Each structure stands twice: as C-alpha cells, then as structure tokens.
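Welcome, and take a moment with the model below. The report starts with confidence and then turns to aromatic rings.

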Amino acid sequence: MQPLPAAPRPPWDLWLIHGYTDATGLPAYVLVFRINHALEDGAGHHHLLRTLFTPRVAPQRSPGVQDTPPPADSGGRVSSRAVLGIMSDVARSLRGSGTWSVLRRPPTGELATAVGTVQTRRLLAVSRALGTDVSAVFLTALTGAMRAVALAEKERPAPLTLLWPLSVRTGGERGAVGNFLSMVRLRLPCEEPLPLRRLASLSRQLEPGRVERRMHTSRALMRRAPRPVSLGTLRLLMRPRHASLTGTYFPAAVPQPVLGEARLDGALGLGAPLPGQFCHLTLLRYRAECALSVVHDTAFARGADLPGLWLTALAELEAVV
C-alpha cells in the first residue's frame, strides 16, 4: 500500500557489519541483505542468495511484468475443496476471527526483534519420532508458547489464528520479480494443554495433500481470475482482523557459501508484520542450526519472550516422544 522509495535510492540494501568477534576470538562479519517485499518474496529471496553465494547456480532471467496474460491452462489444477477453503478464509476475514485482548492493544508502529536458536538435529529427531515434519513441530511449539503468553497475561487460552504463507511459484519463476504468495489460515489450538493433541490438530491442517491442493488452486485462481479479483482476495486473506500473527518455516537449501576465504556459518531471516499485525515469526533452517526470529510491535511486549517460551514448549514435546 506504500510507494517504492523514489529514485535514485534502490529498493534494497546490502550491509557489511564488521568489528564483531566470535567465540573463538577470530574476527567475524555480518552480511545484511534487505529488500522491499513488493519486489521479492521468501522463495525469490532464497533463489537470489543461491545465485549470489553459490557460483555454480546459474542466474535465471526474470520474466518481468508480462503485457499479455498467461495461457488459461498455465495456472495449475483447481480443487473444489481448496476453493471452499479459500472462500471460508475470506469469510472469516470479513467478520474477524476473535483475538486475545493482549493482541488488541493499539499498535505503536515501533518494531523490536527477539531471536532464539536450536540445533537442527533436535527438530529432525522429534519430527521423525512423531512421523511428521519440521513445520508441524515448529507450529506445535509455537502453540505452546502462545498458550504460555495467555496464561502469563491471566487470559483464558483460546484458539488463535495464524497466517501461513504458501509459495505458488513454478520452476520457471524462481528468479521472477514480485510476490508469488497465497495465505492459508491456520488455527493454533492454544486451548489444548497436551502437546501431542496440539500436534494432531496442526498435522490435520497441514496434511500434504490439502496443502498441495491449496497451492495449485491458489496458483490457478491468481492466473486465471481478473486481476482486481485476485488482488482483492489476497487483501482479504491478509487483513489484520483475519489473524494477529504470521509464521513461516524456511529451509535454506544453500551449500555453505564462501566469500573469498570466509565461510557463512549462520543465517537469520527477519520478516515484518503486515500493517496492523503485531508479530511475524520466521524459523530459518540453515545447515546445523535453526534460528527463530520474532519481529513484533512493541505494544506486544510478550513478543520478546516468545523465543524462550518456544524452546520450552519444544522441550515439552520432546519429553513425550
């Protein structure tokens, strides 16, 4: 809803932060890349990083903005069940989904960041033992963390709505400029005290066939529907009344990059809350470590506690395996 920065400033930044020393005492550096989300979503960001830091990955020419619509059969398959799911999410956005009082405070517009890390092998071990995937483990622990927030605020834990982005890029669009995203509404069962029952609820919502149908159908509707219809639907799906949180899990399939003689030993993904939202959470998996970042409006002070609460909830889930 906001214009891109006026020329000559580009809508991206690249920073090299030096003067940092790691635990071994050797000099270390932090490389920060930031880009306007209107130009690049998470999947596009990932492709760009692979292109920059992995020389053997050939850059893909961006198709840019097309003057003519794609063929009608290029959108993918349409599932009636997925269409009903999209319509249901839109309907909930119109009437609101109910939000905790701690998430109904007036936003300050000022953002803060909190970070936690966990070894990738822990998440893989739990997901394998429970016959699920890392996304479900991430969200199960997040549900436990938000339940702890409610109890700390002396609020009755109730189901909480979270927006979960789905990429609708095709193989030929890996390097394309712009956003190729749809949103699905997930219900975090924060009222449930037992970790395994939280996991069961989320696993049903993240059932692979269901997610795949939603992705194919969203891709088809975005390409075949008139542009005002597709954009209007996306705006409704992303309304703050629809959900107070956005969460995403991103496995970075990037070989350990090398800049000269320096290796990239860790990575952190920082998202941004949608306008009117209070919190955006990103779990970025890079090699042996997963980093959880929480970017939150300062009106939601408990956002600073979420990484620690998430790790505690993860340990509770591990304890019942």
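Over residues 63-74 the pLDDT (the predictor's confidence in each residue, from 0 to 100) stays under 50, and the model has five contacts beyond four places in sequence for this stretch, a contact being heavy atoms within 4.5 Å. Where pLDDT is low, the predicted coordinates should not be read in detail. For the protein, the mean pLDDT is 82, and 84% of its residues reach 70 or more.

A word on the ground rules: this is a predicted model, in which local features need pLDDT of at least 70 and side-chain atom pairs count only at pLDDT 80 or more, while totals for chains, interfaces and linings use all residues. Residues are numbered from 1 along each chain as its sequence is written, and side-chain values use heavy atoms, with hydrogens and water left out.

Now to the rings. The structure holds two aromatic pairs. Rings of Phe, Tyr and Trp (its six-membered ring) pair if their centres lie within 6.5 Å; planes under 30 degrees apart count as stacked, over 60 as edge-to-face and the rest as tilted.

| Pair | Centre to centre | Angle between planes | Type |
|---|---|---|---|
| Phe138 and Trp164 | 6.3 Å | 40° | tilted |
| Phe138 and Trp310 | 6.2 Å | 65° | edge-to-face |

The tilted pair links helix α4 (residues 134-152), home of Phe138, with strand β4 (residues 160-167), which holds Trp164; the two residues are 26 residues apart. In the edge-to-face pair, Phe138 in helix α4 meets Trp310 in helix α8 (residues 306-319), 172 residues apart. Helices (H or I, at least four residues) and strands (E, at least two) are DSSP runs, numbered from the N terminus.

Phe138 counts as buried because its relative accessibility is 1%, and Trp164 because its value is 8%; buried means under 20% relative accessible area, with a 1.4 Å probe and protein chains only. Trp310 is buried as well. Together, Phe138, Trp164 and Trp310 form one aromatic cluster.

How values were computed:
Buried means under 20% relative accessible area, exposed over 50%, partly exposed in between (1.4 Å probe, protein chains only).
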